[in-house]
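Please follow this chain from one loop outward to its domains and the contact between them. What follows is an explanation in running paragraphs, meant to be read beside the sequence and the coordinates.

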Amino acid sequence: MSDPIRILVVGLGNMGASHASAYHRMDGFEIVGLCSRTIKSREIPEDLSGYPLFEDYEAALAELKPDAVSINTWPNTHADYAIKAMDAGAHVFMEKPIGTSNQEAEAVVAKAREKNRKLVLGYILRVHPSWIKFVELGKTLGKPLVMRLNLNQQSSGDAWMWHKNLIDSLIPIVDCGVHYVDVMCQLTEARPVRVHGIGAALWAEADKQNYGHLHVTFDDGSVGWYEAGWGPMMSETAFFVKDIVGPKGSVSLVPNDEARHDAEELSDSADIDKHTKTDAIRYHHAEVGPDKNFVKPDDLMSMEDEPDHQDLCDREQAFFLRAIREDLDLDESMDAAVNSLRIVLAAEQSIQEERAIELE
């Protein structure tokens, strides 16, 4: 049996703690340290207590010489931390986004190729069986496609500070939008050619606009929109829209709203365990008969047994382990991460410059 991968976990927020829990329970990993700027003064989850704690990232890298680094920090540190990890010889798992600029994203991928290190990005929808099915069914609808996606979140309690800190680093349609733009790119397999964005600042405490909307046009005629807003003022009406429409019909993720009303400390829209929850997929057939009535009823596929947030993080880390052990080719996923960031950053540029952005 191979020796376990010695991993340093950097950042222990929502995603970092979930990924650390996965490493703690998986035979293929050995956590050698936990690192964040204030980790020695914060409460450590019980199952992670006892691991060495570090508040200086560079010192942890130099002392531990890990085989891999898991980066789960604020987005404005991602590229710098990843490049330093790969220069130190470590493989990298990194939460999205890959960087805060196109230059950072390209530099991280170039470093992975230069050092022949595995770079896995935390695009959680890529390991979600319902979203994989959603994309698979969407590809049967013909071309062009209309893609309607959003995720608005009402910020209260702990989520108030998470969302404010995230907005101080990146606006929501950039930070969260990379997931959904990546889904659009998988569906169309076409080249994005034009992006337009709008935004508004509704939250006085946040440094940047907390609401945004992007439109992207692809060279096969497909179009997509994505909407994201975070803040205590956000409406929870229609906060979860996931629709694909094509010439042959439509595919929709259908949430069970009753199942979303059990969070005690967070608003439903801010509960990360419910962001990926799909409940059911509805497939609508557009074909009509001679009487112009639909030939077939809609298909409703139950997704009640889908994995929860921790299960999805476990799947991401199982893939990271397999990528290292089996020397998987990650070129497609790395290029996709750069491409999705390019689109959402173009939307931010569009908002700032009040014009549509043509992509080269």
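Pro97 sits in the loop between E5 and H4, in a model that is predicted, and the peptide bond that joins Lys96 to Pro97 is cis, with omega at about -5 degrees. Lys96, on the other side of that bond, forms a salt bridge with Asp175, in which the closest N and O atoms are 2.9 Å apart. This pair links distant parts of the chain, since Asp175 belongs to helix H7 (residues 172–175) while Lys96 lies in the loop between strand E5 (91–95) and helix H4 (102–115), with the two positions 79 residues apart in sequence numbering. A search of the whole structure finds 23 salt bridges, whereas across the interface of domain 1 and domain 2 the rule finds one.

To place that interface, consider how the chain is divided: domain 1 spans 5–121, and domain 2 is made up of 128–306 + 341–358. The centres of the two domains, taken over C-alpha atoms, are separated by 28 Å, and the contact between them draws twelve residues from domain 1 and 13 residues from domain 2.

How much area do domain 1 and domain 2 bury between them? The value is about 1100 Å², of which 69% is on carbon and sulfur atoms. The accessible area lost when the parts come together is often used to give the size of an interface. On the domain 1 side, Asn14, Trp74 and Lys96 supply 47% of the area buried against domain 2, more than any other three residues; Lys96 is thus named here as well as in the salt bridge with Asp175. Two residue pairs are found in polar contact across the interface of domain 1 and domain 2, both at pLDDT 80 or more, and the side of domain 1 that touches domain 2 comprises, by class, five nonpolar, six polar and one charged residues.

The database record can be set beside this division. In an unreviewed entry, UniProt lists residues 5–123 as "domain: Gfo/Idh/MocA-like oxidoreductase N-terminal"; that span is 37% helix and 24% strand, and its end C-alpha atoms lie 21 Å apart. A further UniProt annotation, also from an unreviewed entry, assigns "domain: GFO/IDH/MocA-like oxidoreductase" to residues 140–235, where the chain is 29% helix and 34% strand and the end C-alpha atoms are 33 Å apart.

Two further details of the backbone complete the walk. The peptide bond from Lys143 to Pro144 is cis, with omega near 0 degrees, and Pro144 is found in the loop between helix H5 (129–138) and strand E7 (146–150). Asn116, a residue other than glycine, has a positive phi, near 55 degrees, and its place is in the loop between H4 and strand E6 (119–122).

How values were computed:
Residues are numbered from 1 along each chain as its sequence is written. This is a predicted model: local features need pLDDT of at least 70, side-chain atom pairs count only at pLDDT 80 or more; totals for chains, interfaces and linings use all residues. Side-chain values use heavy atoms; hydrogens and water are left out. Domain bounds come from an automatic or database domain assignment. Contact means heavy atoms within 4.5 Å. Buried area is the accessible area (1.4 Å probe) that two parts lose on being put together, summed over both. A salt bridge is a side-chain nitrogen of Lys or Arg within 4 Å of a carboxyl oxygen of Asp or Glu. A polar contact is a pair of N or O atoms within 3.5 Å; within protein, one must be able to donate a hydrogen and the other to accept it, and residues adjacent in sequence count only if both atoms are side-chain atoms. Ala, Val, Leu, Ile, Met, Phe, Trp, Tyr, Cys and Pro count as nonpolar, Asp, Glu, Lys and Arg as charged, and the others, Gly among them, as polar. UniProt positions are given in the numbering used here, feature names are shortened, and annotations may be inferred rather than shown by experiment. Helices (H or I, at least four residues) and strands (E, at least two) are DSSP runs, numbered from the N terminus.
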